[in-house]
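Got the viewer open and a cartoon on screen? Let's walk through it one selection at a time.

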Amino acid sequence: MHALLWPFCLQRLQDELKPDEFGMYIRPLQAQESATELKLFAPNRFVADWVKERFVSKIRHVLTEYKGEDAPAVMVSVGATPAVVATVSNEAKVSSIQTT
C-alpha cells in the first residue's frame, strides 16, 4: 500500500470538511495501513461512533478516488496504533524503574 495514503486522505478531508469537524473527529485518528485495510483508531467510543456514522463513507470515497479498485476497507475502533501502544508501555516501564 502506498505509504502516503492516510496523509492524502487527511489533506482531502481537511479541504472538504468544516474546520471544527475535521479538528474534533478526523485529526485525532491514528491510522494503520495494510494492503487490504485502513484501520483508524479513535481516542474514545464517542469519536469512533461519530466517524463511523458521518465520515466513513467520505473516507471510502476518497480512498476509491485515490486507489480505485485497490482501495482498502476502512475499519474504525477505539484505541491506538500498535506502535503508539508499545511506546506508551515502554515509557511506563521506564518510569516505574526510575521511581523504584
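Select E33 and L38 to begin: E33 stands opposite L38, which sits in β2. This is a predicted model, where local features need pLDDT of at least 70, side-chain atom pairs count only at pLDDT 80 or more, and totals for chains, interfaces and linings use all residues. Residues are numbered from 1 along each chain as its sequence is written, and side-chain values use heavy atoms, with hydrogens and water left out.

**The sheet**

Now widen the selection to β1, residues 30–33, and β2: four bridges join the two strands, which run antiparallel. Strands count as paired here if DSSP finds at least two bridges between them. As for the labels, helices (H or I, at least four residues) and strands (E, at least two) are DSSP runs, numbered from the N terminus. Follow the backbone from β1 to β2 and you pass through a hairpin of three residues.

Next, add β3 (73–78). Six bridges join β2 to β3, and this time the strands run parallel. To see one of the partnerships, pick K39 and look across to M75 in β3, its bridge partner.

With the three strands lit up, you have an open sheet in the order β1-β2-β3, with mixed pairing. β1 and β3 are the edge strands, each pairing on one side only. Neighbouring strands are turned by 20 degrees against each other on average, direction ignored. For such angles, axes are lines fitted to C-alpha atoms (for helices, over the stretch in contact), and values run from 0 to 180 degrees between N-to-C directions.

**Helices over the strands**

Bring in α1 (5–16). α1 lies across β1 and β2, running at about 140 degrees to β1. Then show α4, which lies across β2 and β3 and runs at about 140 degrees to β3.

Stay on α4, residues 56–67. Its twelve residues reach 16 Å from first C-alpha to last, close to the 16 Å expected at 1.5 Å a residue; the expected span is 1.5 Å times one less than the number of residues. Which residues of α4 are buried? Colour V56, I59, V62 and L63 to find them. Seen down the axis of α4, these buried residues fall within an arc of 125 degrees, so they line one face of the helix. The arc is that of the directions from the helix axis to the C-beta atoms. Buried means under 20% relative accessible area, exposed over 50%, and partly exposed in between (1.4 Å probe, protein chains only).

What do the buried residues of α4 pack against? Show α1, β2 (37–42), α3 (45–54) and β3 for the answer. Contact means heavy atoms within 4.5 Å. Just after α4, click on G68, which takes a positive phi of about 65 degrees.

**The rings**

Switch on the aromatic side chains. Rings of Phe, Tyr and Trp (its six-membered ring) pair if their centres lie within 6.5 Å; planes under 30 degrees apart count as stacked, over 60 as edge-to-face and the rest as tilted. By that rule there are five aromatic pairs. Zoom to F8 and Y66, a stacked pair at 4.1 Å centre to centre with 25 degrees between the planes. F8 belongs to helix α1 and Y66 to helix α4, so the pair links distant parts of the chain, 58 residues apart. F8 is partly exposed at 28% relative accessibility, and Y66 is partly exposed at 30%.

Next stop: Y25 and F55. Their ring centres are 6.2 Å apart and their planes at 35 degrees, so the pair is tilted. Y25 lies in helix α2 (residues 19–26) and F55 in the loop between α3 and α4, so the pair ties together parts 30 residues apart in sequence. Y25 is buried, with a relative accessible area of 9%, and F55 is buried too, at 3%. Add F46 and W50, and you have a cluster linked by ring pairs with Y25 and F55.

**Last stops**

Find T81 in the loop between β3 and α5 (82–99). Is T81 buried or exposed? T81 is buried, with a relative accessible area of 9%. Setting aside residues up to four places away in sequence, T81 touches Q30, A31, Q32 and F41.

Zoom out to finish. The protein chain has five helices and three strands, running α-α-β-β-α-α-β-α from the N terminus on. Buried residues make up 25% of its 100 residues.
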